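Good morning, and thank you for the opportunity to present. Please keep the structure in view while I speak.

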Amino acid sequence: MTFHRLFGALAPLLLAAACASTSYPGSTGTPAEARAYGDFMIARFAAMTNDPAAASRHYASALSTAPEGASVAERAVFSALLANDYALAAGMARRASDTGNESGLVRLTLAIDTLGRGRHRQAIDLIEASDFRAFNRMMGRNLSAWALFGEKDVAGAEAVLMSNLTGEPRLDSATLHMLGFMQASAGEDAKAAETFAALWETGARLAVGAEAYARLLATRGDSEAAINVLDAFRRDVGQNAALEALKADILAGKATPPRRLTAREGAALAVYLPASALMFQSSDDVSAVYFVLALALDPEMQAARALLGQALIQSGREGEAIRVLRAVPENSPYYATARGQLARALMLTGQPEEALKVAGEALAAKPERALQLQLANLYSSQDQYAEAEAVLDDILSADAAAGREDWQAVFMRGAARERLNKWEDAEADLSRALELSPDNATVLNYLGYSWIDRGIRLEEGFDLIRRAVELEPRSGHIIDSLGWAHYKLGQYEEAVDYLERAVELLPGDPVLNDHLGDAYWQVGRRKEAGFQWRRALKLDPSAEERAKIEEKLMGGIPLEPPARGNSAAP
């Protein structure tokens, strides 16, 4: 049922409650206050049903009739940004400011809107008068620095950035990137190169940073060092279309000058970088709010547009993601990534044929390696592992001819082969991927889990999964692997502990719920086992897994000896 149909049924109740209530902040029981409360309640309901567009409209109405509600303004701006309606968000932020109700995200949006209009000093004043929380505070200071840059006060801007440094590389990464970009934008190329070199030594691996550093090195005549940086990024992180294009230009002897950012472009990066980090650390859609703000400052930042689409998919708003991703132009380095995400969104909305068509057409029009990888990933997501393997064979053959080896492609082929029961070939690929990327949690987990699931190399498998957990302690899939490893060894109580944690982290995964049901059964918690299995069935498992779960619901799990393999875990 859509929000509008559901609201149609509930509207009389909500309006009645609005008219009867006097609990809305500042309410005096007047008709205007009652309408405001009604709009507030409807907006809250829309937000809970993942309809930020409707939420923002009703919050806006509540804001009109109850402007004293600062919390309403905050919710209104958040919902508008979440709905990718920057104009509405900025307008509501200005209205809230007129009544003295700006705080938090409202003030950040107002500062960004002001900076975007070229009113740099006013933006600085807004930020300095704000009481931001940690995440927005760091972002606000970096925005202030770019506003000073816009006022031609480069020394002052760099001093603001330097004052943000804590001495902790992980925390200082975004600020040091800002400093390097600003130094390059001011023509201080030697200083910028030193800043990016220091970042590189800490292990920082951001694509935009690698690009900036490589451009600086190539411009001063050190093309070999520039190529080494780009190759190291590919080895450590994976293929990046923009960096591969830059490498080709450097090898061809083309000019690759550093980017000289405007204040608006630099401010957009100041929002984009922490937002992208936030996105990969959480499963919600809060990062989408910041991508919209970054795009308001720099509408040509296609990296932000591609990640906005990904964030929308992640939050279950595939229809909106499709509209966003279609806007990434073909001449963008992020076109291949965006088309792959577009195909994924189409797949999730029940359009597999259209998804494969989009990926195929994009590949035909622009035969890029990144698009081949996206196509292989699509095939795998549809359990078409033979087709995925064939595409990956082509990719790896071309890589070998070019004298390169990419852990991601090797890993993907190993995973496809494992699903095709080509275990010897799969194990060789997965082991090679681990050699190429030894601290990659995904590879560690997959290979370790595969060994343990087969009852072989158990101690080594445990070690790999434990390393993966250390690297990604909040990954539900990796915690599940460790729990399942204990299960396969008959250590059921330990298995329950880890599998419960995994389901807490990823409650909507059918496999994790199925595993927890198995563990509950083995420790005698039969009713809870049945509950988890029934829950797994509701979460759309594969046809093969569905049949197994239904069989367990009928007769439980037959007794079988735990795996032993060639060694036992401690």
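Helix 17, residues 302-314, consists of 13 residues, and from its first C-alpha to its last it reaches 18 Å. That is close to the 18 Å expected at 1.5 Å a residue. I should state at once that this is a predicted model.

How many residues of helix 17 are buried? The count is twelve of its 13, so that the helix is mostly covered. Among the buried residues are several alanines, namely Ala303, Ala304, Ala306 and Ala311. The buried set also includes Leu307, Leu308, Leu312 and Ile313, and Arg305, Gln302 and Gln310 belong to it as well. Just after helix 17, Gly316 adopts a positive phi of about 80°.

Let us move along the chain to helix 18, which spans residues 318-325. Its buried residues are Glu318, Ala321, Ile322, Val324 and Leu325. Viewed down the axis of helix 18, these buried residues fall within an arc of 165°, and therefore they line one face of the helix. What covers them? The cover includes helix 17, which we have just discussed, and helix 19, residues 335-348.

I turn now to the cavities. The structure holds two of 30 Å³ or more.

The largest cavity has a volume of about 150 Å³. Its lining comprises 13 residues, and those nearest its centre are Phe181, Val208, Ala212, Arg259 and Leu261. By class, this lining has nine nonpolar residues, one polar residue and three charged residues. Which helices each supply at least two residues of the lining? They are helix 10, residues 169-185, and helix 12, residues 207-219. Helix 12 gives the most, with five residues.

The second largest cavity has a volume of about 50 Å³. The residues lining this cavity are His177, Phe196, Leu199, Trp200, Ala204, Arg205, Leu206, Gly209, Ala210 and Tyr213. Two elements give two or more residues to this lining: helix 11, residues 189-201, and helix 12. In terms of class, seven of the lining residues are nonpolar, two are polar and one is charged.

Helix 12 thus deserves a second look on the screen, as it contributes to the lining of the largest cavity and to that of the second largest cavity.

To close, I return to helix 17, with twelve of its 13 residues buried, and to its place in the cover over the buried residues of helix 18. Thank you for your attention.

Terms used
Residues are numbered from 1 along each chain as its sequence is written. This is a predicted model: local features need pLDDT of at least 70, side-chain atom pairs count only at pLDDT 80 or more; totals for chains, interfaces and linings use all residues. Side-chain values use heavy atoms; hydrogens and water are left out. On a 1 Å grid over the protein atoms alone, a cavity is a set of points where a 1.4 Å probe fits but cannot get out, and a pocket is an open set with protein on both sides within 12 Å along at least five of seven lines; lining residues have an atom within 4 Å of a point. Grid points are joined across faces, edges and corners, and a volume is the space filled by probe spheres set on the points. Helices (H or I, at least four residues) and strands (E, at least two) are DSSP runs, numbered from the N terminus. Ala, Val, Leu, Ile, Met, Phe, Trp, Tyr, Cys and Pro count as nonpolar, Asp, Glu, Lys and Arg as charged, and the others, Gly among them, as polar. Buried means under 20% relative accessible area, exposed over 50%, partly exposed in between (1.4 Å probe, protein chains only). The arc is that of the directions from the helix axis to the C-beta atoms. Contact means heavy atoms within 4.5 Å. The expected span of a helix is 1.5 Å times one less than its number of residues.
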